[in-house]
Amino acid sequence: MGSISNTPSIFDLRSSLSSVAAPPKNGNAGGVQRSERPMAIDVKSNSKIVHGEAGYVLEDVPHLADYIPDLPTYPNPLQDNPAYSVVKQYFVNTDDTVAQKIVVHKSSPRGTHFRRAGPRQKVYFESDEVHACIVTCGGLCPGLNTVIREIVCGLAHMYGVTKILGIEGGYRGFYARNTVTLTPKSVNDIHKRGGTILGTSRGGHDTSKIVDSIQDRGINQVYILGGDGTQKGASVIFEEIQRRGLKVAVAGVPKAIDNDICLVIDKSFGFDTAVEEAQRAINAAHVEAGSVENGIGMVKLMGRYSGFIAMYATLASRDVDCCLIPESPFYLEGKGGLFEFVEKRLKENGHMVIVVAEGAGQELIAESMRSMDHEDASGNKLLLDVGLWLSQRIKDHFACKGKMPINLKYIDPTYMIRAIPANASDNVYCTLLAHSAIHGAMAGYTGFTVGPVNGRHAYIPFYRITETQNKVVITDRMWARLLSSTNQPSFLSLEDIEEAKKEDELIDNGKPHSSSIGGEAIW
Ligand SMILES: Nc1ncnc2c1ncn2[C@@H]1O[C@H](COP(=O)(O)OP(=O)(O)O)[C@@H](O)[C@H]1O
Ligand SMILES: O=P(O)(O)OC[C@H]1O[C@](O)(COP(=O)(O)O)[C@@H](O)[C@@H]1O
Ligand SMILES: [Mg+2]
């Protein structure tokens with residue numbers, strides 16, 4: 001790629017981001033260098049799209065300089081940090097980008113790219129000017145404490161930042177709860193604990209009260225850890241901050257225990273840990289089922305709309321006979337149905353294990369029970385308990401005269417797989433996410449989330465995180481691998497499969513397939 005900043009002729013300039021130019025209320029006076037950021041932006045609902053040669057597209061993230069003119073820059077203090085002095089090319093080139101699509105054809109366009117995460121030579125904040133805050137929102141997820149720890153330690157050790165506040169109890173904590181001062185010492189061993197030391201909540205997102213609180217406290221870097229709902233909230237906070245013209249960087253760290261967040265990033269933190277912990281429940285179900293005649297072990301795992309935890313836990317365990325996920329509808333009665341399969345497997349093996357994701361079979365349950373359209377405080381639909389329902393239906397079916405007696409044990413480890421500390425690999429991953437977020441905010445980027453795209457960390461605009469949910473693609477090879485390992489019915493007719501393929505083609509449309517996790521190749 002040619003240098004973005006050196007080849008303005010390839011750009012399509014239609015900037016409206018830069019039209020927001022109210023003076024910063026807590027802006028910083030004076031500085032050593034003036035920034036030069038050629039604006040070459042195609043604005044699509046607050047997005048910065050840069051077009052290059054051969055179908056190259058950069059979906060860039062906003063920058064403080066887009067709406068605050070003449071911001072001073074400073075040399076990155078990392079250049080004097082002895083630990084990093086050994087790094088060959090420590091600073092990321094300003095025009096480095098990460099490709100979303102890495103399997104390409106000779107004549108295909110180069111496609112969408114994201115700005116590469118990492119430390120920049122110039123920063124937009126002086127160390128003693130930074131007043132950062134961290135908030136955690138939504139459901140728990142292994143690794144939240146690690147991200148908090150690494151933001152605090154990273155800001156302190158890499159950038160010499162001393163003012164870091166923890167906002168307690170999620171978004172409403174900005175205006176209704178206390179704050180806590182965070183130091184490397186106070187967060188030293190929190191990564192060994194599950195949950196979040198800051199507490200969390202659902203609901204309570206009041207944009208103007210939150211931004212008032214940010215402004216009143218003089219906060220200029222906001223780190224927001226949470227799922228799709230949280231990142232939607234972060235996006236509107238960023239818009240309000242931009243509208244007020246504040247020099248405040250907003251960085252999101254995406255969290256989703258079930259990996260349902262965003263088609264772009266490889267996987268979400270905590271997912272590996274959750275899959276590992278799920279093995280313990282599956283093992284228990286297998287032991288229980290195998291110890292009695294016609295034993296069935298049923299395990300319910302998290303996954304409202306995406307069955308990644310159930311799919312990966314099944315693939316990892318090899319003890320599972322049937323995995324049911326929201327993306328693949330199933331039915332109970334008749335030929336090819338679940339009851340028929342259960343009977344067959346019990347006759348063959350004498351026992352079986354079923355893993356069911358919490359969002360699976362919701363239409364079936366709604367048909368047989370009076371549907372309750374209840375929501376939680378954040379507006380998420382409260383699901384009916386598929387594990388209990390399915391256990392009862394199987395018990396009822398086999399209790400009929402003439403059927404074999406069964407012995408079913410239901411295990412619901414829902415909260416056990418998310419209330420634990422992150423495992424080793426998630427801890428390292430969380431560290432990289434935290435560092436990417438810090439480097440981005442220090443470099444003046446804002447309104448962004450961080451995450452690995454094909455293994456390289458990138459800055460991703462909020463709309464990419466919030467626009468679509470990541471789902472298991474049932475026409476991908478990974479789901480086929482699962483079907484082949486469990487030898488369960490697919491519950492789909494040929495027409496269903498054709499339909500699913502068509503839908504996936506529409507979704508795919510230049511995006512990588514969502515069954516790829518951890519940057520591993522799906523072939
Ligand atoms: N569309 C939205 N706009 C603003 N805030 C939102 C939106 N959706 C959710 N939130 C807020 O984000 C926080 C977390 O959302 P929730 O859905 O509970 O968890 P998660 O972030 O894990 O999806 C809540 O405080 C909620 O009020
Ligand atoms: O009981 P809670 O705290 O509302 O959490 C239950 C929900 O949290 C989750 O684990 C994750 O949800 P979020 O992504 O919204 O945090 C869901 O799978 C589950 O339905
Ligand atoms: Mg959510």
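**Exercises on salt bridges**

In this predicted model, Arg116 and Asp96 form a side-chain salt bridge with an N to O distance of 2.8 Å.

**Exercise 1.** State where Arg116 and Asp96 lie in the chain, and classify each as buried, partly exposed or exposed.

Solution.
- Step 1: Arg116 belongs to strand E7 (residues 111-116), while Asp96 sits in the loop between strand E5 (72-75) and strand E6 (97-99).
- Step 2: The two residues are 20 residues apart, and the pair links distant parts of the chain.
- Step 3: Asp96 has a relative accessible area of 18% and is buried, because buried means under 20%.
- Step 4: Arg116, at 27% relative accessibility, is partly exposed.

**Exercise 2.** Find the N to O distance between Asp376 and Arg202, then place and classify both residues.

Solution.
- Step 1: The closest N and O atoms of Asp376 and Arg202 are 3.5 Å apart, and the cut-off for a salt bridge is within 4 Å, so the pair forms one.
- Step 2: Asp376 is in the loop between helix H9 (362-368) and helix H10 (386-399), and Arg202 is in the loop between strand E11 (179-181) and helix H4 (207-217), 174 residues apart.
- Step 3: Asp376 is buried at 16%, whereas Arg202 is partly exposed at 27%.

**Exercise 3.** Classify the partners of the salt bridge between Arg193 and Asp189.

Solution.
- Step 1: The N to O distance for Arg193 and Asp189 is 3.5 Å.
- Step 2: Arg193 has a relative accessible area of 44% and is partly exposed.
- Step 3: Asp189, with 40%, is also partly exposed.

**Exercise 4.** Give the number of salt bridges, and name the residues of a network.

Solution.
- Step 1: The count is 22 salt bridges.
- Step 2: Salt bridges link Asp212, Glu240, Arg243 and Arg244 in a network.

Definitions and conventions
Residues are numbered from 1 along each chain as its sequence is written. Chains are lettered from A and ligands numbered from 1 in the order in which they are written. This is a predicted model: local features need pLDDT of at least 70, side-chain atom pairs count only at pLDDT 80 or more; totals for chains, interfaces and linings use all residues. Side-chain values use heavy atoms; hydrogens and water are left out. Helices (H or I, at least four residues) and strands (E, at least two) are DSSP runs, numbered from the N terminus. Buried means under 20% relative accessible area, exposed over 50%, partly exposed in between (1.4 Å probe, protein chains only).
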